Amino acid sequence: MKGFIRAIFATIILAGLMIIPASAAEDQAVNWGDERYQIMVPGFIEARDMTINGQTTTVIVVQKPEKNAENKYRFFDIVTTDTNAVSITSTVCKLNQEYAGDLMTDLENGRVSYVPFLDGDIEDLSKEPLYFGFTFRDNSWNEIYNFPLWVVFEDKK
């Protein structure tokens, strides 16, 4: 059953992506079949299939982010047109499902920059694919929409 669900997510991710050649890193919108919920991915390189935990999984390959003025990393911009969505929670995990970071923040006009707390150095964390789980929530903290994202980071060329 898990393999079937992963295959569906992979298909949805690929449907929401416009594949770009690996040499052309640029901003790219990623969605999971529902354009009301998107992630704007700076430094997007490509989508590719990888074997993760024994399953074929679609990952997005992006340029490794650089530290901002606050000494943190901005990974994505999260955007929604769903006016019921007022906040987002997210967990970052390593391949072995070990905790690697999180974010809980309010959306402003349906947007927020994804700058998570990381439990480790980006150089170490980016050596393997990272799992990002996102959940949009309403005013009563009910889950509205959630989606997974596996990310592989590459150094800027």
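# A guided walk through a predicted model

Visitor: Over which residues does pLDDT stay under 50?
Guide: Welcome! The model is predicted, and one part of the chain has pLDDT under 50 throughout, with 37 contacts beyond four places in sequence in the model. Where pLDDT is low, the predicted coordinates should not be read in detail. The part to treat with that care is residues 2–23.

Visitor: In which element is confidence lowest, and in which is it highest?
Guide: Across the protein, the average pLDDT is 84, and 83% of the residues score at least 70. Helix 1 (residues 2–16) has the lowest confidence, with a mean of 44. At the other end of the scale, with a mean of 96, is strand 5 (residues 87–93).

Visitor: How many helices and strands does the protein have?
Guide: Let's follow the chain from the N terminus. The elements run α-β-β-β-β-β-β-β-β-α-β-β. The secondary structure therefore comes to 2 helices and 10 strands, with the strands and helices being DSSP runs.

Visitor: What percentage of the contacts with a separation of 6 or more is between residues 24 or more positions apart?
Guide: Here we look at contacts in the protein whose separation is 6 or more. Among these, the share that joins residues 24 or more positions apart is 53%.

Visitor: How much of the protein is buried?
Guide: The protein has an accessible surface of about 8500 Å², and carbon and sulfur atoms hold 48% of that surface. Now count by residue instead: of 157 residues, the buried ones make up 46%.

Visitor: Is Ser87 buried or exposed?
Guide: You will find Ser87 in strand 5. Beyond its neighbours within four places in sequence, Ser87 is in contact with Thr105, Asp106, Leu107, Thr135, Phe136, Arg137 and Trp141. Its relative accessibility is 2%, and the cut-off for buried is under 20%, so Ser87 counts as buried.

Visitor: How does Gln63 count at 23% relative accessibility?
Guide: Gln63 belongs to strand 3 (residues 55–63). Its C-alpha atom is 9.1 Å from that of Glu26, which is 37 residues away along the chain. Since buried means under 20% and exposed means over 50%, a value of 23% falls in between, so Gln63 counts as partly exposed.

Visitor: How many aromatic pairs are there by this rule?
Guide: The rule asks for ring centres within 6.5 Å of each other. With that cut-off, the count of aromatic pairs comes to 16.

Visitor: What kind of pair do Tyr37 and Phe136 form?
Guide: Their ring centres lie 4.8 Å apart, and the angle between the planes is 55°. Planes under 30 degrees apart count as stacked and those over 60 as edge-to-face. An angle of 55° falls in neither range, so the pair is tilted.

Visitor: How many residues apart in sequence are the parts that Tyr37 and Phe136 tie together?
Guide: Both Tyr37 and Phe136 are buried. Tyr37 sits in strand 2 (residues 37–52), while Phe136 sits in strand 9 (residues 130–137). The pair therefore ties together parts whose separation in sequence is 99 residues.

Visitor: In which strands do Phe76 and Tyr114 lie?
Guide: Phe76 and Tyr114 form a tilted aromatic pair, 5.6 Å from centre to centre with 35° between the planes. Phe76 is buried, and Tyr114 is buried too. This pair ties together parts 38 residues apart in sequence, because its members lie in strand 4 (residues 76–80) and strand 7 (residues 111–114).

Visitor: Which residues form one aromatic cluster?
Guide: The residues of both pairs we have just visited belong to one aromatic cluster. Its full list is Tyr37, Phe75, Phe76, Tyr114, Phe132, Phe134, Phe136, Tyr145, Phe147 and Phe153.

Visitor: With which residue does Asp34 form a salt bridge?
Guide: Side chains of opposite charge can pair when their charged atoms come close. Asp34 is buried, because its relative accessible area of 17% is under 20%. Its partner counts as partly exposed at 40% relative accessibility. With the closest N and O atoms 2.9 Å apart, that partner is Arg36.

Visitor: How far apart are the closest N and O atoms of Arg74 and Asp77?
Guide: Arg74 counts as partly exposed, at 34% relative accessibility, whereas Asp77 counts as buried, at 15%. The two form a salt bridge, and their closest N and O atoms are separated by 2.8 Å.

Visitor: Which residues are linked in a network of salt bridges?
Guide: By the rule used here, the count of salt bridges comes to 8. One of the bridges joins Asp124 and Lys127 at 3.6 Å, N to O, and Lys127 is exposed at 68% relative accessible area. The residues linked in a network are Glu46, Arg48 and Glu154.

Key
Residues numbered from 1 in each chain as written. Predicted model: local features only at pLDDT ≥ 70, side-chain atom pairs only at ≥ 80, totals over all residues. Heavy atoms only, no water. pLDDT = per-residue confidence, 0-100. Helix = DSSP H or I, 4+ residues; strand = E, 2+ residues; numbered from the N terminus. Contact = heavy atoms within 4.5 Å. Buried < 20%, exposed > 50% of the residue type's maximum accessible area, 1.4 Å probe, protein only. Areas by Shrake-Rupley, 256 points an atom, 1.4 Å probe, with all protein chains shown as cover. Phe/Tyr/Trp six-rings, centres within 6.5 Å; stacked < 30°, edge-to-face > 60°. Salt bridge = Lys/Arg side-chain N within 4 Å of Asp/Glu carboxyl O.
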